[in-house]
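Have a look at the model below and keep it open while you read. We'll start at one loop residue and work our way inward from there.

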Amino acid sequence: MTTPRRLLLVNGPNLNLLGTRQPEIYGRETLADVERITSDAAARFGLEVRAIQSNHEGVLIDAIHAARLDCAGIVINAGGLTHTSVSLRDALASVNLPVAEVHISNIRERESFRHFSYIEDVAVVHVIGEGVPGYARAVERLIEVISGRADG
C-alpha cells in the first residue's frame, strides 16, 4: 500500500481570528497565511494539504477520524483545546497517524494553565513559539518522520 500524499491541517478555536486577535502574541498573519505556508511547505515534498478550522470540538474530531482514510499525517494547532480536550487527544491517538503539534506562541512562557498539553504525548513533532512560520517547520519535521528519516 502506498503512503497517502496528503496531510491534514487542523486549527482549533479562535484561530479563525488570526491577524486581529492579540497580534502582540500571535502576529499579523491570518489563517489564510497559515494555510498557504503549510500548503507550500507540503508541496515541496509532493504532498497536498486538506485544511480545517473550527470552533467546535466535534467537527475537529470528525475531520481527524476521516484523515485515517487518506492522510499520511496531521499538523495540529488545537488552540485552547490543547489544554482541555481529552477527546481530541484520544481522536489523534486512535487514527494511527503521526502528529505534529504546533503553537504560534510559546505556551510554556504564558499563563500556567497553558503549560500542559493533552496532545503532547501523542505528537511526534512539537514546534512551539516559532510564530506562523513554525507550521512550515512542523511539516518538514513531520515529513521526515513519515519518510523514516527522523524520530520527530
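Gln22 counts as partly exposed, because its relative accessibility is 31%, and buried would need a value under 20%. You'll find Gln22 in the loop between strand 1 and helix 1 (23-26). Keep in mind that this is a predicted model. From Gln22 to Leu60 is 38 residues in sequence and 23 Å in space, C-alpha to C-alpha.

Jump across to Leu60, then, and you land in helix 3 (residues 57-67), where Leu60, Ile61, Ala63, Ile64 and Ala67 are buried. Why do they end up on the same side of helix 3? They cover an arc of only 160° around the axis, so they share one side of that helix. As for what covers these buried residues, the list includes strand 1 (6-11), strand 2 (48-53), strand 3 (73-77) and helix 4 (86-94).

Now for the nonpolar interior. The largest nonpolar core has 26 residues, and those with the most contacts inside it are Leu7, Val34, Val75, Ile104, Tyr135 and Val139. At least two residues of this core come from each of strand 1, helix 2 (31-43), strand 4 (99-103), strand 5 (125-128) and helix 5 (134-146). The most generous donor is helix 5, with seven residues. Apart from this core lies another one, of 22 residues, with Leu8, Cys71, Leu97 and Val122 among them.

Leu7 is a good residue to click on. Leaving aside residues up to four places away in sequence, Leu7 touches a list of residues including Ala42, Leu47, Val49, Cys71, Val139, Leu142, Ile143 and Ile146. Glu48 and Arg50 are also among the residues Leu7 touches.

What about empty space? The largest pocket holds about 170 Å³. Its lining is made of 15 residues, with Tyr26, Asn77, Gly79, Gly80 and Arg114 nearest the centre. Sorted by class, the lining has five nonpolar, seven polar and three charged residues.

Last stop: backbone angles. Most residues other than glycine have a negative phi. Asn14 has a positive one, near 75°, and Asn96 has a positive phi near 55°. Asn14 sits in the loop between strand 1 and helix 1, while Asn96 is in the loop between helix 4 and strand 4. Is each of them buried or exposed? Asn14 is partly exposed, at a relative accessible area of 36%, whereas Asn96 is exposed, at 73%.

Terms used:
Residues numbered from 1 in each chain as written. Predicted model: local features only at pLDDT ≥ 70, side-chain atom pairs only at ≥ 80, totals over all residues. Heavy atoms only, no water. Buried < 20%, exposed > 50% of the residue type's maximum accessible area, 1.4 Å probe, protein only. Helix = DSSP H or I, 4+ residues; strand = E, 2+ residues; numbered from the N terminus. Arc of directions from axis to C-beta. Contact = heavy atoms within 4.5 Å. 1 Å grid on protein atoms, 1.4 Å probe; cavity = no way out; pocket = protein on both sides within 12 Å on 5 of 7 lines; lining within 4 Å. Points joined across faces, edges and corners; volume = space filled by probe spheres on them. Nonpolar A, V, L, I, M, F, W, Y, C, P; charged D, E, K, R; others polar. Core = buried A, V, L, I, M, F, W, Y, C linked by side-chain atoms within 4.5 Å.
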